[in-house]
Amino acid sequence: MSLVKYEILNAVVEYGSLTKAAEALNITQSAVSHAIASLETECGFSLLNRGRSGVRLTAEGERILGYTREILRWTELMNQEISLIRGAEIGTVRIGTFASVSTQWLPGILKQFRLRHPGIEIKLWEGDYAEIEGWLAGGAIDLGFLSLGDSSPFETIPLQKDRMMCILPLEHPLATEKAVSFDVLLEQPFILPKWGGDNEIERLIRQHAAKLNVVYEVAEDQAIMAMVRNGLGISLLPEMVLQHHTNELALVPLTGNPYRTIGIACPSLTNLSPASRRFIEAVQEWLAPSL
């Protein structure tokens, strides 16, 4: 079995389409189809189900994919190490990220990183916490930005604390308070941020054993802010998300200053590729003035 076939299988799964995988790999769709068919013949069973909505892995394909990704990861790591020995830096780093990191951090980090490490390619996968954890567990990405909880199946590097803020309409009676207690939130119509995974809002609610008066559950931060501006309820969001909205919303800290810890997670810090290590160093350096 060849590495090229593994790369093609991984691309088809990543893009959910033979056509899109072919475009990404700059090969013909027939070459993709032939490689998958050849790989299925070698395995002795089907790897993909093909339908009108695209392609998806069979149960057998799901069992195989983790191994192919691991083979590709170690091959990439070896190639990067060889390049370092020869005095060059090349490689690819696949990074899972969520919206506020993508907006507030990554533009500056990537600009600086590209200037210093032009031979290293960065691929971004944006999703919620649960999706990023799934990509890490499945080997689809090398590193993932996450809100770090009390325990994690991954090895992590904490990066920055981000305060949780109560957001209210500017005319709200609580808008001029210096801080509000969590108990006060129970009396208000609440817009619940519905992010995937065990997120900081859910942990805070569990910590207080509270039953909020939830009127809406919304996944998108911008939508939550728009609903609060229009007086549909109040909410909680991390301070980092709110940096450019201080003139249109009232931001009031919670008593005790609860926060989320944003960090980078990976399956193993020991087995990181040289390119992944360079990226982590770049993130830490870029954040250093604010730490």
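This is a short conversation about reading aromatic pairs, a cavity and salt bridges in one structure.

Colleague: Which conventions apply to this model?

Modeller: The model is predicted, so I keep local features to pLDDT of at least 70 and side-chain atom pairs to pLDDT 80 or more, while totals for chains, interfaces and linings use all residues. Residues are numbered from 1 along each chain as its sequence is written, and side-chain values use heavy atoms, with hydrogens and water left out.

Colleague: Let's begin with the rings. How many aromatic pairs does the structure hold?

Modeller: Rings of Phe, Tyr and Trp (its six-membered ring) pair if their centres lie within 6.5 Å; planes under 30 degrees apart are stacked, over 60 edge-to-face, and the rest tilted. The structure holds five such pairs. In one of them, Phe 98 and Tyr 129 have ring centres 5.2 Å apart and planes at 90 degrees, so the pair is edge-to-face.

Colleague: Where do Phe 98 and Tyr 129 lie?

Modeller: Helices (H or I, at least four residues) and strands (E, at least two) are DSSP runs, numbered from the N terminus. Phe 98 is in the loop between strand 3 (91-97) and helix 5 (99-104), and Tyr 129 is in helix 7 (residues 129-138), so to speak a link between distant parts of the chain, 31 residues apart. Both Phe 98 and Tyr 129 are buried; buried means under 20% relative accessible area, exposed over 50%, and partly exposed in between (1.4 Å probe, protein chains only).

Colleague: What about Phe 113 and Phe 279?

Modeller: Their ring centres are 5.7 Å apart with planes at 70 degrees, so this pair is edge-to-face. Phe 113 sits in helix 6 (residues 106-116) and Phe 279 in helix 11 (residues 274-287), so the pair ties together parts 166 residues apart in sequence. Phe 113 and Phe 279 are buried, and they form one aromatic cluster with Trp 105 and Phe 145.

Colleague: Now the empty space. How many cavities of 30 Å³ or more are there?

Modeller: Rolling a probe the size of a water molecule over the atoms shows where empty space is left. On a 1 Å grid over the protein atoms alone, a cavity is a set of points where a 1.4 Å probe fits but cannot get out, and lining residues have an atom within 4 Å of a point. Grid points are joined across faces, edges and corners, and a volume is the space filled by probe spheres set on the points. The count is one cavity of 30 Å³ or more, and the largest cavity holds about 40 Å³.

Colleague: Which residues line the largest cavity?

Modeller: The lining is Gln 80, Leu 84, Glu 89, Ile 90, Ile 120, Pro 274, Ala 275 and Arg 278. Helix 4 (59-85) and helix 11 each give two or more residues, and helix 11 gives the most, with three.

Colleague: Last, how many salt bridges are there?

Modeller: Side chains of opposite charge can pair when their charged atoms come close. A salt bridge is a side-chain nitrogen of Lys or Arg within 4 Å of a carboxyl oxygen of Asp or Glu. The structure holds 10. Among them, Glu 285 meets Arg 116 (2.7 Å, N to O), linking helix 11 with helix 6 across 169 residues. Glu 285 is partly exposed at 39% relative accessibility, and Arg 116 is partly exposed at 47%.

Colleague: Are Asp 162 and Arg 260 buried or exposed?

Modeller: Both are buried, and their side chains meet in a salt bridge (2.9 Å, N to O).

Note on methods: On a 1 Å grid over the protein atoms alone, a cavity is a set of points where a 1.4 Å probe fits but cannot get out, and a pocket is an open set with protein on both sides within 12 Å along at least five of seven lines; lining residues have an atom within 4 Å of a point.
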